[in-house]
Amino acid sequence: MDSTTPRLLTVNVGEPRDVDLGDRIVRTAIWKSPVDGRVPVRGVNLDGDDQADRTVHGGPDKAVYAYASEDTAWWSEHTGKDLGPGAFGENLTTAGVDVSGALIGERWAIGDTLLEVRQSRMPCFKLGLRMDDPGFVRAFAQVDRPGAYLAIVRESDVGAGDAVEVVHRPDHHVTMALMHRALLQDRTLLPELLQAPELMPEWRDWILERTA
């Protein structure tokens, strides 16, 4: 495979763990590590992966989180930290894929697995824990490099080196970066998100309530 072919750099999984903050214990699964071989993608997860709190993480519309290695490299340069695959708690670390430029409803074929882009990431304090920097959550919110949550449309398995093929790209302009900006930086952009027919109903209702 040509090195410029959009592909998976690594597949990362992790189970919940307890983190001692001194005054309390926090359970989180944001620590993900690359694994070898083929990894089944089914239900609402990858095998060997889980989320600590399904009320706000995971589920059918956030089954798989993807982040671009190019964006990780950008953060490494700007933070001075040696960040690698899985640093953002992502399941799929990609190379040559414009993840934050992906459209709501865009579909990716990775081998026989079919995934659909559903929403951008809403960062919480656990990202700050992972980066050992509470201020990182605010920094992440202000930069249009959110990555993408995907739903599992067709189950199969994935592995490092697999090509990522965009097999469907909707006819609208609502990218992950735009969704991120509208939700976290500039609420005047919220009506633009409604132009994506594939926008999740809960987000559509939430936006309509605030823009009525």
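W75 and F140 are both buried in this predicted model, and I shall start with that pair. The ring centres of W75 and F140 lie 6.2 Å apart with the planes at 15 degrees, so the two rings are stacked. W75 belongs to helix α1, residues 69-79, and F140 to helix α3; the pair therefore ties together parts of the chain that are 65 residues apart in sequence.

A second pair offers another geometry. W203 and W206 meet edge-to-face, with 5.6 Å from centre to centre and 90 degrees between the planes. Both residues sit in helix α6, residues 201-211, and because they are three residues apart, about one helical turn separates them. W203 has a relative accessible area of 14%, and it counts as buried because the cut-off is under 20%.

How many aromatic pairs does a search of the whole structure find? There are twelve aromatic pairs. Ring pairs also build a cluster, whose members are Y65, Y67, W74, W75, F88, F136, F140 and Y149. Two members of that cluster, F140 and Y149, have a charged group over the ring. For F140, the charged end of R121 sits over the ring at 5.7 Å from its centre. For Y149, K62 lies over the face, 5.8 Å from the ring centre.

I turn now to the nonpolar cores. As a general point, nonpolar side chains in soluble globular proteins tend to be buried together. In this model the largest nonpolar core has 38 residues, and the members that touch the most others are L46, V64, L92, W108, L115, L193 and L199. Which helix gives the most to this core? Helix α4, residues 176-184, does, with five residues. Apart from this core lies another, of 14 residues, including F88, M131, F140 and V143. F140 thus appears in this core as well as in the aromatic cluster.

Returning to the largest core, L193 can be followed in more detail. Beyond the residues up to four places away in sequence, L193 touches V174, L178, M179, A182, L199 and I207.

Next, the open sheet of three strands. Its order is β6-β5-β12, and the pairing is antiparallel. The edges are formed by β6, residues 45-46, and β12, residues 156-158, each of which pairs on one side only. Strand β5, residues 39-42, is joined to β6 by two bridges in the antiparallel sense. Across from R42 stands N45 in β6.

Three buried residues deserve individual attention. The first topic is T10, in strand β1, residues 7-13. With a relative accessible area of 13%, T10 is buried. Its side chain makes a polar contact of 2.9 Å with the side chain of N12. Setting aside neighbours within four places in sequence, T10 is in contact with P34, P85, N91, L92, T93 and A160. L92 is also among the residues that touch the most other members of the largest core.

A109 lies in strand β9, residues 107-110. Its relative accessibility is 13%, and A109 is therefore classed as buried. Not counting residues up to four places away in sequence, A109 touches L114, A163, V164, E165 and V167. From A109 to T188 the separation is 79 residues in sequence and 34 Å in space, C-alpha to C-alpha.

H172 is placed in the loop between β13, residues 165-168, and α4. Is H172 buried or exposed? H172 is buried, at a relative accessible area of 14%. The side chains of H172 and E198 make a polar contact of 3.2 Å. Leaving out residues up to four places away in sequence, H172 touches L103, I104, Q195, A196, P197 and E198.

I close with D132, in the loop between α2, residues 125-131, and α3, residues 136-141. At 71% relative accessibility, D132 counts as exposed. Most residues other than glycine have a negative phi. For D132, however, phi is near 55 degrees, a positive value in a residue other than glycine.

Key: Residues are numbered from 1 along each chain as its sequence is written. This is a predicted model: local features need pLDDT of at least 70, side-chain atom pairs count only at pLDDT 80 or more; totals for chains, interfaces and linings use all residues. Side-chain values use heavy atoms; hydrogens and water are left out. Helices (H or I, at least four residues) and strands (E, at least two) are DSSP runs, numbered from the N terminus. Buried means under 20% relative accessible area, exposed over 50%, partly exposed in between (1.4 Å probe, protein chains only). Two strands pair if DSSP finds at least two bridges between them. A nonpolar core is a set of buried Ala, Val, Leu, Ile, Met, Phe, Trp, Tyr and Cys residues joined through side-chain atoms within 4.5 Å. Contact means heavy atoms within 4.5 Å. Rings of Phe, Tyr and Trp (its six-membered ring) pair if their centres lie within 6.5 Å; planes under 30 degrees apart count as stacked, over 60 as edge-to-face and the rest as tilted. A charge sits over a ring if NZ of Lys or CZ of Arg is within 6 Å of the ring centre and within 35 degrees of the ring normal. A polar contact is a pair of N or O atoms within 3.5 Å; within protein, one must be able to donate a hydrogen and the other to accept it, and residues adjacent in sequence count only if both atoms are side-chain atoms.
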